[in-house]
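Visitor: I would like to go through this structure in short questions. Please keep the answers plain.

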Amino acid sequence: MPKVTIDDQVYEFEERPKLLQFCLDHGVELPHFCYHPAMSIPANCRQCLVEVGTPARDRATGDLKVDDDGNPVIQFFPKLQTSCSMDVSDGMVVKTKRTSNLVKRAQEDTMEFLLINHPLDCPICDQAGRCPLQIQAYKYGREGSRFEFRKVHKPKKVKLGPRVMLDAERCINCTRCTRFTQEISESHQLTIISRGVKNYPMTPPGMVFDEPYSMNVIDICPVGALTSAESRFKARAWEMSSTPSISTTNAKGSNCFYWVRDNLVMEITARQNMAVNEYWLADEDRLDYKRFNDDRPTGPQVRREGTLVLASWEHAYQHAVDLLAGLDGSEILFLGSAYATVEDNFLLTKLAAALGADAPRYIQHIEPGHGDDWLRTDDRTPNAQGCERLGIQPVDETVVRSRVQAGEIKAVYVLEDDPVNAGLLSLDDLSDVRVVLHYYNTTNETLDTADVALPAAMVVETVGTYVSQDGYAQRVRPAKAIRGVNRTLRMEMGASRTDRHGTPFDRWYNESHKIDCKPSWETLPAIADLFGHAMTYKGPKQIMQEVVDTHPAFDGATYQAMGLQGVRLQEIGEPA
Ligand code: SF4
Ligand code: FES
């Protein structure tokens, strides 16, 4: 197998990888800015310079030259090379700053060059604390500055589009953002204008940077030049904890990080998963953070004399049981949810079976024309596949409406959905029907007719599994704390959300931002118990194990196997 020597260490390689990527893949750190593995390689920042030598050949014979000891003679290129654009070749010898003073000096000089006109904005820049330029200036730059003249000034606070702001002074002209719009999203909405030290990215005349993936340039900008119009100046990177999870605005299951401060979700950024969303995230996924903070319930409620009033959880459970007790199973409609996790839907099917009702159905939320061939789908729910794999079918609207209007259905049990807003049933239809509702936000229109309203934990507050449209089973973890002690949720908090003693950690930790809600995998067993049908689980992990054991469509989807990147399930009906 061909070999390359990097800082006196020999590595084997296959095919011809790029040298920078090969180093990064093997734990050899090299500073870089313009290189991005998904895009073309302009090699314009010059920060990734290394010394490179290759085995010398005799010009006349073409044979490898060897020294007196029989070792190949290495001929170094006369100038330093950009490792991002160089193919690794057999016998190549590479020196990074660890073994070459020349490289160390070149990297310091390049950094000094990049910083000549860079403003000292770090104290107020949103990128500070997670800024490649800042980090690499510490690691590879000189101490202090030798420049005492006025820096070149460029436009600041430029609104490139509705969601992205530009501070042109901070730009180092790496062209990652323009290449993104040319090569990845293909919107061609950004280009570089002006020349020399005065150039910066801008929209072409008459164009607005408003494509549905525009905010990806914020992630890939290696400095703080591009920031989110929504979340800039709201939280510093070190005040927030980030939790790896998935987005739930559609059926793609794009991987993301939820950034939380003070039990509020402050922003959502892309997380790499090459099988699902690669490096990217749609803007709609990033802007989804507000519904985790706003219009959240204040606690469980029961309806008394026409008004919903706060109640204890125990009282609300008992009230739900009293409403349903005495009804025949056929008189209760159970609605599962493509917003809820596999575990929650599974428990709902068990409760329905225990009460002798038909299997739950779920409401489809399809928005024709919304999807594209990339990360947005017509289906605006994250778990329709999970429902169908559990045997929960889409609801037949006509049948349900006519049965409710004929008085055949006397109670509706709704798991984490809004049948009124979805147009399945009107408030009139439900006026004589008992309604138990698990819900996320007080904007849920079915609340107006609910007899028992149980606040449900959202994706950022629970543990559970979702199955994407393409059949990837992925699990989520709590990014923020909810009220009440739940050992499972505490244990599942990401490492960044707790300190080494297991104490929840982020700035200005605030009890009043904790929502009084519970995961439905906690409320459903509590209600089933009151009916005399014990559902004894240690937590969602055990529930999912039972799903895997009883449903071949989930074969292999254990928590351990799903890890952080999920597992691809067999197509429904596909032979194992
Ligand atoms: S704005 Fe950022 S991504 Fe775009 S060219 Fe400048 S430094 Fe690069
Ligand atoms: S990363 Fe190689 S030149 Fe920019």
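Visitor: How many salt bridges does the count come to?

Guide: This is a predicted model, and side-chain atom pairs count only at pLDDT 80 or more. A pair qualifies when a side-chain nitrogen of Lys or Arg is within 4 Å of a carboxyl oxygen of Asp or Glu. By this rule the number of salt bridges is 36.

Visitor: K139 forms a salt bridge that links distant parts of the chain; which residue is its partner?

Guide: K139 is in helix α3, residues 132–140. The partner sits in the loop between α1 (19–25) and β3 (49–55), 110 residues apart from K139. The N to O distance is 3.0 Å, and the partner is E29.

Visitor: What is the strand order of the open sheet of eight strands?

Guide: Strands of a sheet pair through backbone hydrogen bonds, either parallel or antiparallel. In this sheet the pairing is mixed. The edge strands, each pairing on one side only, are β16 (307–310) and β19 (393–394). The order is β16-β15-β22-β21-β20-β17-β18-β19.

Visitor: Which residue of β16 stands opposite Q301?

Guide: Strand β15 covers residues 301–304, and β15 and β16 pair in the antiparallel sense over four bridges. β16 is an edge strand of the sheet, residues 307–310. Opposite Q301 in β16 is L310.

Visitor: Where does E305, with its positive phi, lie?

Guide: Most residues other than glycine have a negative phi. E305 is not a glycine, yet its phi is positive, about 50 degrees. F233 is also not a glycine and has a positive phi of about 65 degrees; the place of F233 is in the loop between β11 (226–228) and β12 (241–246). E305 is in the loop between β15 and β16.

Visitor: Which strands does α8 lie across?

Guide: Helix α8 spans residues 342–354. α8 runs at about 165 degrees to one of these strands, β17. The strands are β17 (332–336) and β20 (411–415).

Visitor: Are α8 and α13 roughly parallel or roughly perpendicular to each other?

Guide: Helix α13 covers residues 540–550, and its axis is 9 Å from that of α8, at an angle of about 70 degrees. The contact is made by V342, E343, F346, L347 and K350 of α8 and P540, I543, M544, E546, V547 and T550 of α13. By class, these are seven nonpolar, one polar and three charged residues. Angles of 65 to 115 degrees count as roughly perpendicular, so the two helices are roughly perpendicular.

Visitor: How do α8 and α12 run, roughly parallel or roughly antiparallel?

Guide: The axes of α8 and helix α12 (residues 520–530) come within 9 Å and cross at roughly 15 degrees. On the α8 side the contact includes D344, L347, L348 and L351, and on the α12 side S520, W521, L524, P525 and A528. Angles under 35 degrees count as roughly parallel, so α8 and α12 are roughly parallel.

Visitor: Is the crossing of α7 and α12 left-handed or right-handed?

Guide: Helix α7 spans residues 313–324, and its axis comes within 9 Å of that of α12, crossing at roughly 55 degrees. That angle makes α7 oblique to α12. W313, Y317, Q318, A320 and V321 of α7 meet T523, A526, I527 and L530 of α12, a contact with seven nonpolar, two polar and no charged residues. The crossing of α7 and α12 is right-handed.

Key. Residues are numbered from 1 along each chain as its sequence is written. Chains are lettered from A and ligands numbered from 1 in the order in which they are written. Side-chain values use heavy atoms; hydrogens and water are left out. Axes are lines fitted to C-alpha atoms, for helices over the stretch in contact, and angles run from 0 to 180 degrees between N-to-C directions. Angles under 35 degrees count as roughly parallel, over 145 as roughly antiparallel, 65 to 115 as roughly perpendicular and the rest as oblique. Contact means heavy atoms within 4.5 Å. Ala, Val, Leu, Ile, Met, Phe, Trp, Tyr, Cys and Pro count as nonpolar, Asp, Glu, Lys and Arg as charged, and the others, Gly among them, as polar. Two strands pair if DSSP finds at least two bridges between them. A crossing is left-handed if the near helix is turned anticlockwise from the far one by less than a right angle, and right-handed if clockwise.
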